[in-house]
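Trainee: Could you take me through one part of this protein at close range? I'd like to look at a sheet and what packs around it.

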Amino acid sequence: MSVFRIDELAHAGGSTVRNVRAYQDRGLLPPPRLQGRVGLYDESHLARLRLIGQLLGRGYTLGTIAELISAWERGRDLGDLLGLEKVLTDPWSDEIPGRIDTAELIRIFAIDPEADDFAAMLRMAEEHGFLEAESGGRFKVPSPRLLQVGAELVAAGIPLPAVFEIAGRIREDCAVIARRFVGLAREHGNLSAEGLHSREEISEAARFVQRLRPLAQLAVEGLLARCMEAEVRTALGDQLAAAVARDDPPEETDRLSAPRSHRADDGGGRARPPRR
């Protein structure tokens with residue numbers, strides 16, 4: 001099991017040391033295990049911290065979150081709670097969110113800060129999940145990989161609005177795929193639409209989700225690779241064939257089709273000198 005100091009916990013949970021201490025003061029986060037004068041946190045603290053962040057993101061207040069957690073703990077075993085929290089809040093990617101300032105953002109996206117649409121570009125970046133605005137002209141980067149892809153597409157000559165537009169469409173496509181997997185789990189698996197009513201059901205649902213993660217990712221990765229291969233062949237096959245034809249050496253064709261007015265054939269395939 002991973003062990004964190006308070007600053008490491010805050011970073012892994014996408015929060016701050018100040019927030020971690022505030023959650024502890026309110027009883028939302030269990031106290032750490034003390035080793036000398038150092039407080040050590042574990043994965044259960046990280047799961048709880050991520051759950052708090054998700055509930056805050058949905059508009060819940062800290063007071064409401066405290067009531068929800070308290071009610072759950074009174075009616076459920078704490079181990080069940082932390083196990084389910086971990087399954088629900090563990091990221092499906094090994095990415096660690098990053099941070100970036102305005103100057104770096106301007107550089108990687110090659111945008112003009114004096115342009116009239118500069119503010120609109122920042123809003124689009126937030127809307128499509130590239131950035132989350134923070135104070136002091138800084139931004140949180142939820143997915144550094146997504147930001148890198150966007151920067152590479154811009155460097156390849158794709159206009160930034162088109163990059164944001166395709167990111168939005170892909171996100172919608174991925175949401176459809178995710179709903180299909182969850183729907184499959186509800187219909188044939190262990191995610192009952194009627195709710196979880198026992199410790200056994202909670203544990204079974206947690207195990208099912210853990211098993212579903214790598215399966216969903218492998219399926220999408222494999223299918224996407226095959227679809228990309230087919231689409232590229234369809235889109236570029238004719239153009240590549242035409243380009244190859246244009247680049248074929250012309251010597252053989254020229255020799256075979258050259259005029260023969262200056263060469264006489266003696267009937268046996270041998271050239272004979274012209275008559276005097």
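Mentor: Here is a walk through one sheet, its helix and the core around them, with a quick look at the rest afterwards.

Before we start, this is a predicted model, where local features need pLDDT of at least 70 and side-chain atom pairs count only at pLDDT 80 or more, while totals for chains, interfaces and linings use all residues. Numbering starts from 1 along each chain as its sequence is written, and side-chain values use heavy atoms, with hydrogens and water left out.

For orientation, the protein has 11 helices and 8 strands; these are DSSP runs numbered from the N terminus, with helices being H or I of at least four residues and strands E of at least two.

Now the sheet. It is open, has 3 strands in the order β4-β6-β5, and its pairing is antiparallel; two strands pair if DSSP finds at least two bridges between them. At the edges sit β4 (98-101) and β5 (132-133), each pairing on one side only. Between β4 and β6 there are 4 bridges. Want some landmarks? R99 has K140 in β6 as its bridge partner, and D101 stands opposite R138 in β6. On the β5 side, 2 bridges join β5 to β6, again antiparallel, and E132 stands opposite K140 in β6. β5 and β6 form a hairpin with 4 residues between them. In that turn, G136 has a positive phi of about 70°.

Next, the helix. α6 packs on this sheet and touches β4 and β6, its direction making about 90° with that of β4. Contact here means heavy atoms within 4.5 Å, and the axes are lines fitted to C-alpha atoms (for helices over the stretch in contact), with angles from 0 to 180 degrees between N-to-C directions.

That brings us to the largest nonpolar core, which has 21 residues; I100, F109, F130, L131, L147 and L160 touch the most other members. Such a core is a set of buried Ala, Val, Leu, Ile, Met, Phe, Trp, Tyr and Cys residues joined through side-chain atoms within 4.5 Å. Buried means under 20% relative accessible area, exposed over 50%, and partly exposed in between (1.4 Å probe, protein chains only). The elements giving two or more residues to this core are α6 (102-109), α7 (118-127), β6 (138-141), α8 (144-155) and α9 (160-188). Take L160 as a spot to zoom in on: neighbours within four places in sequence aside, L160 is in contact with F109, I111, M121 and V154. A second, separate core of 16 residues includes I6, L28, Y41 and L51.

Elsewhere, another open antiparallel sheet of 3 strands runs in the order β1-β3-β2. There, β1 (3-4) and β2 (33-35) are at the edges with a single partner strand each, so one side of each has no neighbour in the sheet. β2 pairs with β3 (residues 38-42) over 3 bridges, and R33 has L40 in β3 as its bridge partner. Helix α3 (residues 43-57) lies across β1 and β3, at about 75° to β3.

Finally, some whole-protein numbers. Buried residues make up 25% of the 276 residues. Of the contacts between residues at least 6 apart in sequence, 60% join residues at least 24 apart.
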